[in-house]
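Colleague: I am new to this structure and would like to go through parts of it with you. Please show it first.

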Amino acid sequence: MSSRCRDRRFRALACTVLGVLLATTACARSLRVCADPDNLPYSDVAERGFENRLARLIAKDLDADLSYYWLPQWRGFTRKTLLEGNCDVIPGVPVDSANVRVTKPYYRGAYALVFRADRVPGLSGLDDARLRTLRIGVPLVGIDAAPTPPGRALARRAIYDNVVGFPVVGDKPAAERMFAALATDAIDVAVVWSPQAGYYMAREHAPLSIVLLEPEERDPRFEFAIAMAVRPDDAALQHALDASLARLQPQIEAVLREYGVVQHDDDVTLGGQR
Amino acid sequence: MNRGAIWSNGRLFFNTLDNQTFALDARTGTEVWHTRLGDIKQGETMTMAPLVVKDRVLVGNSGGEFGVRGWLTALDAATGKIAWRAFSTGPDNEVLIGDQFHPFYPSDRGKDLGKSTWPGEAWKIGGGTVWGFLSYDPTLDLVYYGTANPGPWNPSQRPGDNKWTSGIFARDPLSGQARWFYQLSPHDLHDYDAVNENILVDLPFNGTTRHALVHPDRNGYLYVMDRETGEVLSASAFVPITTSTSVDLATGRLRYAPEKDPQPGQTVRDICPASPGAKDWQPAAYSPRTHLVYIPHQNICQDAETAQTSYIAGTPYVGATLRMKPGPGGKRGRVTAWDPAAAKPAWTLDEDLPVWSGALATAGDVVFYGTMEGWFKAVDAKTGALLWQFKTGSGIVGQPISYRGPDGKQYIAILSGVGGWAGTIVANDIDTRDKTASTGWANVVPDLRQKTQKGGMLYVFALP
């Protein structure tokens with residue numbers, strides 16, 4: 001195979017046949033990405049999200065044609081996209097996701113408290129007594145009894161009367177609705193997943209602060225390492241993506257910074273476990 | 001998904017998944033009106049079959065798992081205009097609770113319980129949708145229906161009874177005003193919707209005849225209630241139950257078994273019945289000849305195991321992993337002929353797969369039901385003895401009907417075509433190597449794909 005085809009690709013059969021027949025000419029490769037059409041900062045149909053940007057970088061690195069299969073990231077997303085063969089890679093999934101094969105992580109996120117610095121000065125974590133009375137927005141992941149980790153941590157502290165739920169199913173991303181509620185003082189504090197927090201904070205005029213949450217002993221985990229998912233039997237694509245992520249580490253970091261993805265001390269080693 | 005259309009006074013009424021109710025001229029198919037009642041983008045849908053009562057078309061919504069607030073709405077049959085809407089959560093004036101409301105049990109009395117039994121504003125997204133079949137008693141002039149489970153919070157995040165979810169309402173069909181309410185599963189922990197059908201029959205009870213309401217619930221108890229007052233006359237387990245020990249008839253309260261409460265991060269085994277319940281929405285039948293209730297149902301338990309990382313809309317979380325499994329005895333389905341007066345079964349029939357079809361009882365003392373393998377069966381209403389069976393082309397999750405044709409003959413019709421929550425493994429080609437797929441169904445019916453196939457055929461049998 002030519003150097004342009006150095007990674008065994010997802011269209012394995014077509015690629016191999018072409019590679020053999022056409023020797024050193026370019027393989028017809030495709031990078032088919034499964035993504036949500038309306039879920040910034042990750043992705044949207046105009047390809048303005050950071051996962052769209054990363055997909056472009058990877059496609060260029062692998063010399064592949066980039067295409068998308070769009071579907072809202074609701075229940076059944078993995079099955080209806082990746083597992084039914086409509087696309088080959090889902091960016092932005094937790095590394096310990098079930099039923100898929102994952103790459104090495106390329107960033108870590110954590111749940112965070114976002115609040116008006118002038119209204120709640122010095123808020124630093126879930127054990128602040130003010131959280132018993134402040135109105136707190138929490139995203140609801142939307143399947144029966146599936147808890148948002150910080151919501152569960154608040155319930156463990158008997159904080160629920162002043163908690164306002166934002167179901168992820170709706171017109172706009174739940175994070176966007178939470179920031180709108182912060183702007184109108186409908187809530188005082190928003191519990192937001194950090195990639196969304198940084199993105200929307202950069203678009204607010206009000207002075208907002210962010211605190212990444214640290215779990216106490218009996219709290220659920222708030223931090224997740226994020227990778228890309230491929231089909232369980234698609235080791236070739238996983239290895240190609242791992243190599244590409246490693247090569248692209250500086251560019252990936254730049255994109256994440258540009259989108260304000262907040263990480264714990266940026267202590268992620270891209271392309272490897274912390 | 002749709003649970004059926006209804007004919008009334010020359011018109012056909014039905015709902016669509018995107019929250020519209022349509023009225024058609026039954027003869028020509030011409031649209032008479034349609035009314036939009038909700039927004040599918042907010043996770044709200046409509047799947048139930050309407051009921052027409054006194055020129056009111058009664059319809060309800062679905063989607064509690066997405067943070068939808070449940071309601072029953074009455075439309076004017078002539079114009080489609082909304083006459084009233086009764087929410088299942090919130091302040092009394094929005095639930096249509098007023099002077100006529102006389103619940104039997106003290107725990108259902110008080111001002112604005114639809115707000116005060118929830119933390120903060122959780123009632124605004126509290127579930128209690130209305131997606132099952134409705135019943136109407138023309139003598140008492142009351143309509144009866146069940147409300148779905150509370151949602152979408154983890155139970156620990158919604159302390160309180162979470163009224164008026166997982167219960168039964170009796171309402172005036174013209175005004176919508178509530179007459180009584182009874183909560184079958186207060187502060188539901190296990191996804192026990194109370195939307196199963198309410199069978200209105202007059203029954204002998206302790207020497208007198210009672211105007212009864214018979215309700216086989218997902219929580220595993222068959223409730224016999226006084227449909228005038230909302231009093232529970234008896235509540236008997238019709239499957240093995242581990243999530244509760246009994247129903248306290250003095251207070252009406254379900255006695256939960258705390259050891260089966262879901263605990264974040266912990267494994268809880270042998271939760272019986274599983275989330276789809278002892279019986280889901282597949283309707284039971286009553287025969288006034290045998291005084292028995294024929295209940296098609298499942299025998300399934302579940303383990304809530306070590307949490308699994310997942311994500312929705314780019315938001316990671318750790319959710320419980322459900323694995324359903326056959327209940328005690330190992331058979332996943334059963335037809336129970338229940339004697340509501342004696343509060344015990346007259347006979348039972350085990351089936352290998354969950355019995356997800358409705359039942360039909362005829363005046364010939366024959367009971368019809370279908371299996372997920374595709375067998376359409378006729379059994380003796382008195383003994384359960386198999387009289388006849390026919391293998392259809394797909395699994396049966398529809399409801400049999402009986403009618404007299406224009407030729408005067410009696411016909412029995414059944415739709416064959418596997419689907420629904422239990423059948424989605426076949427209908428949607430789910431990979432059952434993931435034991436938790438299809439919210440736990442993959443583990444309990446991994447063989448379904450070998451035993452049936454997709455389809456959609458209407459079979460009509462003529463009686464000789």
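Colleague: Which residue is the bridge partner of M225(B) in β16(B)?

Modeller: This is a predicted model. In it, strand β15 (residues 221-226) of chain B pairs with β16(B) in the antiparallel sense, over 5 bridges. Within β16(B), M225(B) has as its bridge partner V232(B).

Colleague: Which strands of the open sheet β13-β14-β15-β16 of chain B have one side left without a neighbour, and why?

Modeller: The sheet is open, its 4 strands pair antiparallel, and their order is β13-β14-β15-β16 in chain B. A strand at an edge has a single partner strand, so one side of it is left without a neighbour in the sheet. The strands at the edges are β13 (199-205) and β16 (232-237) of chain B.

Colleague: What is the average twist from one strand to the next in that sheet?

Modeller: The strands are taken in the order β13-β14-β15-β16 of chain B. From one strand to the next, the twist averages 30°.

Colleague: Further along the chain, how many of the 6 residues of β28(B) are buried?

Modeller: A residue counts as buried if 20 or more other C-beta atoms lie within 10 Å of its own. Strand β28 covers residues 375-380 of chain B and is mostly covered. Its count of buried residues is 5.

Colleague: Which residue in β28(B) does V366(B) stand opposite?

Modeller: Strand β27 (residues 366-370) of chain B runs antiparallel to β28(B), and 5 bridges join them. The two form a hairpin with 4 residues between the strands, where G374(B) takes a positive phi near 110°. Opposite V366(B) in β28(B) stands D380(B).

Colleague: And which residue in β29(B) stands opposite F376(B)?

Modeller: β28(B) is also joined by 5 bridges to strand β29 (residues 386-391) of chain B, again antiparallel. The residue of β29(B) opposite F376(B) is F390(B).

Colleague: Which residue in the turn between β28(B) and β29(B) has a positive phi?

Modeller: These two strands form a hairpin with 5 residues between them. In the turn, a positive phi of about 85° belongs to G384(B).

Colleague: Which element gives the largest share of the side of chain B that touches chain A?

Modeller: In chain B, 38 residues are in contact with 44 residues of chain A. The elements giving two or more residues to this side of chain B are β22 (300-312) and β23 (315-326) of chain B. The largest share, 6 residues, comes from β23(B).

Colleague: How many residues on that side of chain B are charged?

Modeller: By class, the side of chain B that touches chain A has 17 nonpolar and 15 polar residues. The number of charged residues there is 6.

Methods:
Residues numbered from 1 in each chain as written. Chains lettered and ligands numbered in written order. Predicted model: local features only at pLDDT ≥ 70, side-chain atom pairs only at ≥ 80, totals over all residues. Buried ≥ 20, exposed ≤ 12 C-beta atoms within 10 Å, placed from the backbone. Pairing = 2+ DSSP bridges. Contact = placed C-beta atoms within 7 Å. Nonpolar A, V, L, I, M, F, W, Y, C, P; charged D, E, K, R; others polar. Axes fitted to C-alpha atoms, helices over the stretch in contact; angles between N-to-C directions.
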